[in-house]
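Colleague: Could you walk me through the ligand site in this model? I would like to know what holds what.

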Amino acid sequence: MRSLIDILELSTAEIDELIDVAKDIIADPKKYSEKCHGKTLATLFFEPSTRTRLSFEAAMYGLGGNVLGFASSDSSSAAKGESVADTVRVVSGYADIIAMRHPKEGAPLVASMHALVPIINAGDGGHNHPTQTLTDLLTISREKGRFNDLTIGLCGDLKFGRTVHSIIGAMSRYDNVKFVLISPEELKIPGYIKQDVLDKNNIEYVETRSLEDAIPELDILYMTRVQRERFFNEDDYIRLKDTYILNAKKLEKAKSDLSILHPLPRVNEIAVEVDSDPRACYFEQALNGKFIRMALILKLLGVE
Ligand code: CP
């Protein structure tokens, strides 16, 4: 039995396989429409979500399976003090696979030690979000056709941004990838990511505060939201929340084949006028999340 807690648990060959399956699902969804008949996915979301939870549910329904779960800790027995370990042990009797989001870093890992079915980390605090990274990789593959030879700008909350931490890990395994880390001082990438991932893999990176200076050299611009829920101090959030707003004017200096990604939800960090720019990929990215999660469910359930 295999869970997915961290994107690095998947080899690059396995990621290629998942992407190939996702592309095949996109090309011929009917072929997959009964693959999970009789199987059940549980979505245990202790933190809010739109895309991840609903795309997991859409993925399982698209495979002919069933879905059960809860969308907030308030509506589960976690509100009465039940542990994650007990919750997943019990839900293992009701479902064949569990997708879990939790505000505490490491909670899905703990869950995987107690569950009797595969656990998928659907985001744990400011730590990791491996299925968002699979979504991002499918999007990059469809947009760019390669993972090598890319300059990737990551902009916004690089400190608490779990999607940023996961994509840096995943992309650090490819050749000639350079990161431009764009953030205010207070939201810089954590030291452990620099040491354990970037330096360890000899990945080229620069840190800057200026989106305008960085934009001309980028092949991919990955915008992120400054996350109110990760701040201890509301004043700090208000001071930093609108540091970066991508708009049409800033994009004038960007490459014509730039791909603009964002895990969503967005607040103000991408102006609505950018949505009609052909370089904006974030809504396609959200759709890709359904197809790659279908591929992942098939893999973890061992369905051919
Ligand atoms: N990208 C993402 O995780 O979105 P949700 O929080 O809506 O699931």
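Modeller: Happy to, beginning with Thr 52: an N or O atom of the Thr 52 side chain and an oxygen atom of the ligand are 2.7 Å apart. A polar contact here is a pair of N or O atoms within 3.5 Å. This is a predicted model, where local features need pLDDT of at least 70, side-chain atom pairs count only at pLDDT 80 or more, and totals for chains, interfaces and linings use all residues. Residues are numbered from 1 along each chain as its sequence is written, and side-chain values use heavy atoms, leaving out hydrogens and water.

Colleague: Which side chain has a polar atom 3.0 Å from a nitrogen atom of the ligand?

Modeller: Arg 101 has a polar side-chain atom 2.9 Å from an oxygen atom of the ligand. The partner of the ligand nitrogen atom, at 3.0 Å, is a polar side-chain atom of Gln 132.

Colleague: How much of the ligand's accessible area does the protein cover?

Modeller: Accessible areas come from the Shrake-Rupley method with a 1.4 Å probe. On its own the ligand has 250 Å² of such area, and the protein covers 92%.

Colleague: How many residues of the shell are nonpolar, polar and charged?

Modeller: The residues surrounding the ligand, with a heavy atom within 4 Å of it, include Ser 49, His 129 and Leu 264. Pro and Leu count as nonpolar, Arg as charged, and Ser and His as polar. The shell divides into 2 nonpolar, 5 polar and 2 charged.

Terms used: A polar contact is a pair of N or O atoms within 3.5 Å; within protein, one must be able to donate a hydrogen and the other to accept it, and residues adjacent in sequence count only if both atoms are side-chain atoms.
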